[in-house]
Amino acid sequence: MGLQASGKSTFYRERFAETHEHVSKDLFRHNKNRGRRQAQLVEAALSSGRSVVVDNTNPTPEDRVPLIEHAREHGARPVAYYFESETRDSRERNRGREGRARVPDVAIYATAKKLVPPSRSEGFEEVYRVRISEREGFEVLL
Ligand SMILES: Nc1ncnc2c1ncn2[C@@H]1O[C@H](COP(=O)(O)OP(=O)(O)OP(=O)(O)O)[C@@H](O)[C@H]1O
Ligand SMILES: [Mg+2]
């Protein structure tokens, strides 16, 4: 979870693409009920014993409740990666994206307004903080 253009999809490709399925609302952006579609895909992966990364902003605890529940139901470990990014930095990186990948600035502000960082009290077994470091790459802190 984290603001738009905070590095979530890049991090997935670098760290998890080989081992985890990818569920992202960007991959079914025309679906009317994206929450339900996301849940179906997560359930499908976990039902067949595959690990899964949910790559979305998921800004509020309410957004995350069903995800944690799916994990518990299937005996999987829910782990959070929270992408720390200032609105200004997200806007700047967003400006560098092209085509459909670029989102309107207003979407970044809307997410920032309701963003609540994840915590273990929600049911996550681990919560990592991820930052884009100066020398490119990512910094991951527990
Ligand atoms: N470690 C990094 N160092 C520098 N730039 C990066 C890094 N990771 C990602 N970027 C750049 O930042 C931009 C946003 O990255 P990315 O698309 O992964 O974000 P996102 O969190 O998945 O955004 P969205 O929520 O809109 O899908 C991209 O243009 C990407 O190239
Ligand atoms: Mg993305």
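**Ligand 1 and an aromatic pair in a predicted model**

Mentor: In this predicted model, 15 residues surround ligand 1, and those that come nearest are Ala5, Lys8, Ser9, Thr10 and Gly137.

Trainee: What makes the approach of Thr10 to ligand 1 a polar contact?

Mentor: A polar side-chain atom of Thr10 lies 2.5 Å from an oxygen atom of the ligand. The cut-off for a pair of N or O atoms is 3.5 Å, so the pair counts. A backbone N or O atom of Gly137 also qualifies, at 2.9 Å from a nitrogen atom of ligand 1. For Ser6, a backbone N or O atom lies 3.2 Å from an oxygen atom of the ligand. Ligand 1 taken alone exposes 630 Å², and the protein buries 78% of that.

Trainee: Which element gives the largest share of the shell around ligand 1?

Mentor: Helix α1, residues 8-15, with three residues. By type, the shell residues divide into four nonpolar, six polar and five charged. The space that ligand 1 takes is the largest pocket.

Trainee: How many aromatic pairs does a search of the whole structure find?

Mentor: Six. One of them joins Phe11 and Phe138.

Trainee: Why is the pair of Phe11 and Phe138 called edge-to-face?

Mentor: The ring centres are 5.1 Å apart and the planes stand at 85 degrees. Centres within 6.5 Å make a pair, and planes over 60 degrees apart count as edge-to-face, so both conditions are met.

Trainee: What does the pair tie together?

Mentor: Phe11 lies in helix α1 and Phe138 in strand β5, residues 138-141, so the pair links parts 127 residues apart in sequence.

Key
Residues are numbered from 1 along each chain as its sequence is written. Chains are lettered from A and ligands numbered from 1 in the order in which they are written. This is a predicted model: local features need pLDDT of at least 70, side-chain atom pairs count only at pLDDT 80 or more; totals for chains, interfaces and linings use all residues. Side-chain values use heavy atoms; hydrogens and water are left out. A residue is near a molecule or strand if one of its heavy atoms lies within 4 Å of it. A polar contact is a pair of N or O atoms within 3.5 Å; within protein, one must be able to donate a hydrogen and the other to accept it, and residues adjacent in sequence count only if both atoms are side-chain atoms. Accessible areas come from the Shrake-Rupley method with a 1.4 Å probe; for residues, only the protein chains shown count as cover. On a 1 Å grid over the protein atoms alone, a cavity is a set of points where a 1.4 Å probe fits but cannot get out, and a pocket is an open set with protein on both sides within 12 Å along at least five of seven lines; lining residues have an atom within 4 Å of a point. A molecule sits in a cavity or pocket if more than half of its atoms lie within 2 Å of its grid points. Helices (H or I, at least four residues) and strands (E, at least two) are DSSP runs, numbered from the N terminus. Ala, Val, Leu, Ile, Met, Phe, Trp, Tyr, Cys and Pro count as nonpolar, Asp, Glu, Lys and Arg as charged, and the others, Gly among them, as polar. Rings of Phe, Tyr and Trp (its six-membered ring) pair if their centres lie within 6.5 Å; planes under 30 degrees apart count as stacked, over 60 as edge-to-face and the rest as tilted.
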